[in-house]
Amino acid sequence: MDIVWLILGLGLILFGANWLTDGASAMAKKWGVSDLVVGLTVVAFGTSAPELSISIVSAVQGSAPMAIGNVVGSNIFNVLVIIGVVALARPVKVGKSIMQNEIPLVILASLALLAIGSGPVLGIVGERVVSRADGILLLLFFAIFMRYTFSQVKHAPEGDPAELEAQGKPSMPMWKAVAWSVAGLAALVYGGDRFVAGASGIALSLGMSEAVVGLTIVAAGTSLPELATSLTAAIKGNTGIAVGNVIGSCIFNIFFVLGVTAAITPLPFGGIGEFDLLVMTGAALLFWLMGWKFGERVINRWEGGVLLACYVAYVAVQLANL
């Protein structure tokens with residue numbers, strides 16, 4: 001039965017994320033917000049909505065390690081697997097602005113979480129936990145990121161329905177956009193509850209810790225929207241969207257998802273160790289270094305293979321420690 005709940009929950013999460021993203025995007029266009037703002041905010045939120053849903057449900061149900069593991073594992077999966085797969089499909093051209101601003105922000109977010117989770121190593125006495133104060137601090141960083149995002153773009157006038165039709169993007173009525181958003185949110189909440197129940201049951205039956213399940217199974221499952229979006233964009237030749245989606249999701253995961261979840265209830269790290277946090281930080285740093293190689297700002301196919309190999313090695317270490 002746990003397998004059934006896992007599959008049902010994941011399906012609801014994926015459909016819910018899709019509905020929420022489409023509905024919110026339509027409302028944003030109705031309100032005259034530019035496509036760039038929608039991409040950096042609404043789309044990033046939509047693809048990170050599964051992580052948000054599962055992390056909150058996990059924390060409320062007393063499975064804090066799964067909540068943190070979901071975020072840490074998703075960020076590792078985003079960089080090593082999604083960027084790796086996209087680079088194998090088509091070499092990734094990384095914009096100069098992303099290299100100078102967004103990726104360093106991902107590294108900063110990773111370092112912040114690493115510092116929070118490495119209290120004993122840093123000589124800080126007490127339990128390893130993301131406290132409410134930490135959560136509020138992360139949300140403040142998120143607010144700064146949003147302010148920066150909106151400062152970089154200008155509002156575009158509301159799209160003309162006839163012009164949108166000509167571009168193959170039919171306008172969605174406001175009532176339908178609201179309905180899709182509400183339906184998507186409901187599917188995410190219920191799907192998150194069922195997914196956590198199934199994943200927890202599987203963890204117990206296999207003797208796996210909730211932290212390991214969150215770092216691997218749950219993280220990969222909730223990163224499927226990012227993988228599908230980025231791979232489709234890369235195949236169509238728009239690697240900029242592919243990279244932007246991954247980077248935006250990584251920032252959302254730490255600053256917003258963990259921030260909101262920790263503000264609701266403190267999150268003990270449990271089985272999430274410094275090794276996992278170092279891998280997450282190292283993955284972001286490796287991506288940044290590969291992008292700056294020789295000033296080309298391109299992740300080629302062999303580098304994509306290296307990223308995938310790093311993820312395989314990470315999962316192997318997790319399984320070896322069971």
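**Helix packing, burial and long-range links in a predicted model**

Q: In which exposure class does Leu286 count?
A: In this predicted model, the relative accessibility of Leu286 is 26%. A buried residue would have to be under 20% and an exposed one over 50%. The value for Leu286 falls between these limits, so the residue counts as partly exposed.

Q: Which residues does Leu286 contact, leaving aside its neighbours within four places in sequence?
A: Leu286 belongs to helix H11 and is one of the residues by which H11 makes its contact with H12. With neighbours within four places in sequence set aside, the contacts of Leu286 are Leu307 and Cys310.

Q: How far apart in space, C-alpha to C-alpha, are Leu286 and Val79?
A: In sequence, Leu286 and Val79 are separated by 207 residues. Their C-alpha to C-alpha distance in space is 9.2 Å.

Q: How are H11 and H12 oriented relative to each other?
A: Helix H12 covers residues 301-320, and its axis is 12 Å from that of H11. The two helices pack at an angle of about 175°. Angles over 145 degrees count as roughly antiparallel, and therefore the orientation of H11 to H12 is roughly antiparallel.

Q: Which residues of H12 make the contact with H11?
A: On the H11 side, the contact is made by Phe275, Asp276, Val279, Leu286 and Met290. On the H12 side, the residues are Glu303, Val306, Leu307, Cys310, Tyr314, Val317 and Gln318.

Q: Is Gln318 buried or exposed?
A: Gln318 lies in helix H12, and its contacts beyond four places in sequence are Val212, Leu215, Phe275 and Asp276. Its relative accessible area is 8%. The limit for burial is under 20%, so Gln318 is buried.

Q: Which two side chains meet in a salt bridge?
A: Side chains of opposite charge can pair when their charged atoms come close. The protein has a count of one salt bridge. The nitrogen-to-oxygen distance in this pair is 3.7 Å, and the partners are Glu274 and Arg128.

Q: How many residues apart are Glu274 and Arg128?
A: Glu274 is in helix H11, which covers residues 274-292. Arg128 is in the loop between helix H4 (96-117) and strand E2 (129-130). The pair thus links distant parts of the chain, with a separation of 146 residues.

Q: Which salt-bridge partner is buried, Glu274 or Arg128?
A: Glu274 has a relative accessibility of 25% and counts as partly exposed. The other partner has a relative accessible area of 17%. Burial requires a value under 20%, so the buried partner is Arg128.

Q: How are H8 and H9 oriented relative to each other?
A: Helix H8 (residues 210-222) and helix H9 (residues 224-235) have axes 4 Å apart. Their contact is made by Ala220, Gly221 and Thr222 of H8 and by Leu224, Pro225 and Glu226 of H9. The packing angle is about 45°, which means that the orientation of H8 to H9 is oblique.

Q: How far apart in space, C-alpha to C-alpha, are Pro225 and Leu14?
A: Pro225, found in helix H9, is buried, with a relative accessible area of 10%. Pro225 and Leu14 are 211 residues apart in sequence. The distance between their C-alpha atoms is 6.6 Å.

Q: How far apart in space, C-alpha to C-alpha, are Met208 and Asn321?
A: Met208 is in the loop between helix H7 (174-206) and H8, and it counts as buried at 12% relative accessibility. In sequence, Met208 and Asn321 are 113 residues apart. In space, the C-alpha separation is 9.8 Å.

Q: Which helix gives the most to the nonpolar patch?
A: The patch consists of Leu108, Ile136, Leu137, Leu140, Phe141 and Ile144, with about 550 Å² of accessible area together. Leu108 lies in helix H4 and is partly exposed, with a relative accessible area of 41%. Five residues of the patch come from helix H5.

Q: What share of the contacts with a separation of 6 or more joins residues 24 or more positions apart?
A: The protein has 12 helices and four strands, and buried residues make up 51% of its 322 residues. Among contacts with a separation of 6 or more, the share from residues 24 or more positions apart is 85%.

Key: Residues numbered from 1 in each chain as written. Predicted model: local features only at pLDDT ≥ 70, side-chain atom pairs only at ≥ 80, totals over all residues. Heavy atoms only, no water. Buried < 20%, exposed > 50% of the residue type's maximum accessible area, 1.4 Å probe, protein only. Contact = heavy atoms within 4.5 Å. Salt bridge = Lys/Arg side-chain N within 4 Å of Asp/Glu carboxyl O. Patch = residues over 30% accessible without salt bridge, like charges linked within 9 Å, V, L, I, M, F, W, Y side chains within 5 Å. Areas by Shrake-Rupley, 256 points an atom, 1.4 Å probe, with all protein chains shown as cover. Axes fitted to C-alpha atoms, helices over the stretch in contact; angles between N-to-C directions. Parallel < 35°, antiparallel > 145°, perpendicular 65-115°, else oblique.
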